[in-house]
Amino acid sequence: IYLRSDKEATISLQEDEPSLSVRTRFTLAHEITHTFFYENLQNTDAKNVRPVRRKDCPRERQLEALCQYGAAALLIPLRYLKCQPDGADLPVVRLMKLAAELNVSIEAVLRRLDGLEEFNPPNTAQVLVECPAGQSSKCTVITGRYGLEILATLGRPQPHSGLDEWLSRANVDSPFILADETRLRLGLDRLLLLRAVQHPSDSRRWLVGCELRRSVANSGFFAV
C-alpha cells in the first residue's frame, strides 16, 4: 500500500497521539479494504509475483462503495458503538464527540451508522449540511443517517441537494433557522423538530438533528 508522503515518517494508528490526519487514516483503511479483493497476497515477496484481483471482485463503482463501507467499519468498530453509554440514542453533540474520540470525520460516523438499523431510531435523523456564511436558506446536504419514519415522511435527500428542498416534501411553510430550535407542523398530530449545531472545525458546516414527534402535547425538544 502506497501513501503520498513528503518525508520518511513513522505511521502510528494508536489511539493516543495519532500521527495521521483524519483523511489519511480513512484513505489507509480504504486501501486496506481493497486488499480483501485480491489473491496471492502471501507470495508478494517472491520475485515477479504480484497480487491478482479475485474473479468475483465487483465492478469499479460497487468496489469503491464497498471499500468506503469497509474503511468506516475498520475505523468505527461495531463493538465500540455498542459500548456507548447512550446506546442507540446518539444525538448530534454526542456524534461529534464520537468522531473526535475515534479520530474520524463526522461524515464517516454518519455513513457508518446509517447502515446499522439498531443505531437508527425510526423517528430521528442527523444531517450534515454546508451553509455559506451561515445562510440557512442555502444549506446543501452532504450526508446523514435517517430513521425509517423520517424516510417515509421526507424520503432520502440527494447529496448536494438543498436542505429546504428536502424539508419542503413535508408540506410545511415555517423556515428553518440555524442554531435555533425549529418546529415544523406536519398535520394536526405531528411535529418535526430540528436543531443545528455548528461543526467544531469548519464554520460552514452544521449537523442538524431531526426528530419526528406524534404527540403535540409532548413537544419538548430532544437532548443535543
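## Helices 4 and 5

Helix 4 and helix 5 are roughly perpendicular to each other, a label for angles of 65 to 115 degrees. Their axes cross at roughly 110° and come within 9 Å, with helix 4 covering residues 92-102 and helix 5 residues 106-114. Axes here are lines fitted to C-alpha atoms over the stretch in contact, with angles running from 0 to 180 degrees between N-to-C directions. Helices are DSSP runs (H or I, at least four residues), numbered from the N terminus.

Who touches whom? On helix 4, Leu 95, Met 96, Leu 98 and Ala 99 make the contact, and on helix 5 it's Ile 106, Val 109, Leu 110 and Leu 113; contact means heavy atoms within 4.5 Å. That group divides into eight nonpolar residues, with no polar and no charged ones.

## About the model

This is a predicted model, where local features need pLDDT of at least 70, side-chain atom pairs count only at pLDDT 80 or more, and totals for chains, interfaces and linings use all residues. Residues are numbered from 1 along each chain as its sequence is written, and side-chain values use heavy atoms, leaving out hydrogens and water.

## Helices 1 and 2

Now for the other pair: helix 1 and helix 2 pack at about 120°, their axes 8 Å apart. Helix 1 and helix 2 are therefore oblique to each other. Helix 1 brings residues including Phe 26, Ala 29 and His 30 to the contact, while helix 2 offers Leu 63, Cys 67 and Gly 70, among others. Here the contact residues split into 10 nonpolar, five polar and two charged.

Notes. Helix = DSSP H or I, 4+ residues; strand = E, 2+ residues; numbered from the N terminus. Parallel < 35°, antiparallel > 145°, perpendicular 65-115°, else oblique. Nonpolar A, V, L, I, M, F, W, Y, C, P; charged D, E, K, R; others polar.
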